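Please walk me through this structure, step by step, in a form that I can follow with the coordinates open beside the text.

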Amino acid sequence: MAQAEALPELATVPWRQPTDARWLRRWGRIWHAWTLLYTVPFIAAAVGMFLLDPLATPVALAALAHAWIIPELYAFRGASVVRPKARGSAQGEPVAQGLLGDLLGHDERELQRRTGLALQRGELGIWLVGQGGALLVTPERRRVHCFCVAASDAELPPSDRIAHLLLALRSDEVGFATVANHAFAGAAWRVRRRLPLPMRPALDAARRAAE
Amino acid sequence: MDRTGHTTLAQWTAEDDAAFADAVREFGEQQALGYIGTVPDGPGKATHVRELPRDADMVILRRPIAGG
């Protein structure tokens with residue numbers, strides 16, 4: 001057997017630091033701080049306006065709405081990485097399902113067929129791989145990292161797109177995360193709320209597996 | 001691999017030098033087209049290969065990935 005090598009796609013992003021556990025922890029904290037930075041001022045402004053003049057209550061409510069909506073929009077952006085993409089060849093999908101099924105264990109295969117996401121255990125955490133992105137549930141369960149990444153052939157059937165990502169992930173987990181674009185990191189409950197309903201059991205399963 | 005499913009590009013055995021040579025040539029042609037060789041190594045593991053391993057049960061050619 002030839003010797004294992006780093007993901008060749010790393011050559012396309014030579015400027016990036018490896019997305020390892022330390023990198024993920026740091027970016028998790030940065031996203032947390034960023035969320036507080038754009039939420040707390042709106043809440044403080046709302047409380048201040050209400051205390052200064054109850055007539056400003058509508059404006060205060062608008063400020064509170066901003067404090068709620070902006071984090072939700074970021075979570076929506078994160079969850080969108082795994083939303084099914086309306087592209088690729090549907091003709092080859094039954095065969096592609098066969099290949100993907102061969103790559104997965106029984107439980108993971110059933111989960112993928114129900115939710116569209118393939119569960120993969122890694123050193124960094126539990127991955128959920130979709131057609132055009134992946135979610136990573138870190139071991140402490142509180143945080144989900146969302147990555148936008150896809151196979152370069154847009155004509156591939158949906159299951160092939162997942163299988164190609166899965167093979168790359170299994171070859172070099174840190175390399176996979178480094179090549180992918182980090183879209184969001186936040187609480188699992190926030191990402192879950194923005195996932196399509198059929199995909200939510202996959203995130204629940206990943207959180208259980210991360211325990 | 002084609003647009004409608006999957007294609008077996010080559011088959012070989014460790015003892016069949018001619019078949020392996022054909023497979024190596026096909027593997028090289030696919031690499032030139034941008035495909036990447038990957039050997040599934042059991043549950044949850046895979047190995048990227050630049051050269052066709054003679055003793056592998058199966059080598060899957062995948063497309064490169066990129067951040068979206």
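**Helices, a sheet and a shared edge**

In this predicted model, helix 2 of chain A (residues 57–79) is a convenient place to begin: it has 23 residues and reaches 33 Å from its first C-alpha to its last, close to the 33 Å expected at 1.5 Å a residue. Several residues of helix 2 of chain A are buried, namely Ala60(A), Ala63(A), Tyr74(A), Ala75(A), Gly78(A) and Ala79(A). The cover over these buried residues of helix 2 includes helix 1 (21–52), strand 4, strand 5 (181–187) and helix 7 (188–194), which belong to chain A.

A helix pair comes next. Two packed helices are described by the angle between their axes and the distance between the axes. For helix 4 (residues 106–115) and helix 8 (residues 200–209) of chain A, the axes come within 8 Å and cross at roughly 150 degrees. Angles over 145 degrees count as roughly antiparallel, and helix 4 and helix 8 of chain A are therefore roughly antiparallel to each other. Helix 4 of chain A enters this contact through Leu111(A), Arg114(A) and Thr115(A), while helix 8 of chain A brings Pro201(A), Ala202(A) and Ala205(A). By residue class, the contact of helix 4 with helix 8 in chain A divides into four nonpolar residues, one polar and one charged.

Chain B can be read in the same manner, starting from its elements. Chain B holds one helix and four strands, and along the sequence these follow the pattern α-β-β-β-β. The C-alpha trace of chain B spans about 45 × 25 × 20 Å along its principal axes, and buried residues make up 25% of the 68 residues in the chain. When the contacts in chain B between residues at least 6 apart in sequence are considered, 33% of them join residues at least 24 apart.

Three strands of chain B form an open sheet in the order 2-1-3, with antiparallel pairing. Strand 2 (46–49) and strand 3 (60–62) of chain B stand at the edges, each with a single partner strand, so one side of each is left without a neighbour in the sheet. From one strand to the next, the twist averages 35 degrees. Within this sheet, strand 1 (residues 36–40) and strand 3 of chain B pair in the antiparallel sense over three bridges, and Gly37(B) stands opposite Leu61(B) of strand 3.

What remains is the meeting of the two chains, a contact that takes 38 residues from chain A and 27 residues from chain B. On the side of chain A that touches chain B, the elements that give two or more residues are helix 3 (93–103), strand 1 (118–121), strand 4 (143–151) and helix 5 (158–171) of chain A. Helix 5 of chain A gives the most to this side, with six residues, and the residues of the side as a whole divide into 19 nonpolar, twelve polar and seven charged.

How does helix 5 of chain A lie, and across which strands of chain B? Helix 5 of chain A lies across strand 1, strand 2 and strand 3 of chain B, and runs at about 90 degrees to strand 2 of chain B. Strand pairing also links the two chains, since strand 4 of chain A and strand 4 of chain B (residues 65–67) pair in the antiparallel sense over three bridges. In that pairing, Val149(A) has Gly67(B), in strand 4 of chain B, as its bridge partner.

Key
Residues numbered from 1 in each chain as written. Chains lettered and ligands numbered in written order. Predicted model: local features only at pLDDT ≥ 70, side-chain atom pairs only at ≥ 80, totals over all residues. Buried ≥ 20, exposed ≤ 12 C-beta atoms within 10 Å, placed from the backbone. Contact = placed C-beta atoms within 7 Å. Nonpolar A, V, L, I, M, F, W, Y, C, P; charged D, E, K, R; others polar. Pairing = 2+ DSSP bridges. Axes fitted to C-alpha atoms, helices over the stretch in contact; angles between N-to-C directions. Parallel < 35°, antiparallel > 145°, perpendicular 65-115°, else oblique. Expected span 1.5 Å × (residues − 1).
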